[in-house]
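Trainee: Before I start using words like "buried" or "pocket", can we go through what earns each label here?
Mentor: Sure, let's look at the model together.

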Amino acid sequence: MRDKIQLKSSHWPSREELLKKAAEGSVSRCLTVEASFHEGEEVLVIGHADSELRDREVPMRLQVIDGTSQEKFLYLLQEIEEEARNHWERFRLFAVLDGR
């Protein structure tokens, strides 16, 4: 259990706090890339256009689900890197096709 991400936060923003940030203009457009296991050990990596509330502007933010092991994190990160290196245009196409 020690190798798993465990999120322990005393404060998660309320819906009202998030809406206030949105009203202040802290919403960014971004390409969200998701990786998951599909049919056994095959990894499905997809990208889609998204909007999100942000505290600060940075070119990339990585989200890791609570309970993810180090082994799974590193494996999925490697798969995402491989997709980005070999199929970058496909990521861009997902963002264009799914743009809101």
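What follows is a short run through some labels and the values behind them.

Mentor: Keep in mind that this is a predicted model. The chain has three helices and two strands, and from the N terminus on the elements run α-β-β-α-α.

Trainee: Okay, Glu 79 then. What makes Glu 79 buried?
Mentor: The relative accessible area of Glu 79 is 19%, and buried means under 20%, so Glu 79 gets the label. Glu 79 lies in helix H2. Leaving aside neighbours within four places in sequence, Glu 79 is in contact with Val 43 and Val 45. For the whole chain, buried residues make up 15% of the 100 residues.

Trainee: How do you know that Arg 85 and Glu 81 form a salt bridge?
Mentor: Look at the distance: the closest N and O atoms of Arg 85 and Glu 81 are 3.0 Å apart. The cut-off is a Lys or Arg side-chain nitrogen within 4 Å of a carboxyl oxygen of Asp or Glu, so this pair qualifies. In general, side chains of opposite charge can pair when their charged atoms come close. The structure holds one salt bridge.

Trainee: What separates Arg 85 and Glu 81 along helix H2?
Mentor: About one helical turn, because Arg 85 and Glu 81 are four residues apart in helix H2.

Trainee: Why is Arg 85 called exposed, and Glu 81 partly exposed?
Mentor: Exposed means over 50% relative accessible area. Arg 85 has 66%, so Arg 85 is exposed. Glu 81 has 40%, which falls between the 20% and 50% limits, so Glu 81 is partly exposed.

Trainee: Now the largest pocket. How much space lies in there, and which residues are closest to its centre?
Mentor: About 990 Å³ of space lies in the largest pocket. Of the 31 residues that line this pocket, the closest to its centre are Val 33, Arg 61, Leu 62, Gln 63 and Ile 80. The elements giving two or more residues to the lining are strand S1 (27–38), helix H2 (70–86) and helix H3 (88–97). S1 supplies the largest share, 10 residues.

Trainee: What is the lining of the largest pocket like by class?
Mentor: The count is 18 nonpolar, five polar and eight charged residues.

Trainee: And the surface of the chain: how much is exposed, and what share do carbon and sulfur atoms supply?
Mentor: The chain exposes about 8,400 Å², with carbon and sulfur atoms supplying 52% of that area.

Terms used. Residues numbered from 1 in each chain as written. Predicted model: local features only at pLDDT ≥ 70, side-chain atom pairs only at ≥ 80, totals over all residues. Heavy atoms only, no water. Buried < 20%, exposed > 50% of the residue type's maximum accessible area, 1.4 Å probe, protein only. Areas by Shrake-Rupley, 256 points an atom, 1.4 Å probe, with all protein chains shown as cover. 1 Å grid on protein atoms, 1.4 Å probe; cavity = no way out; pocket = protein on both sides within 12 Å on 5 of 7 lines; lining within 4 Å. Points joined across faces, edges and corners; volume = space filled by probe spheres on them. Nonpolar A, V, L, I, M, F, W, Y, C, P; charged D, E, K, R; others polar. Contact = heavy atoms within 4.5 Å.
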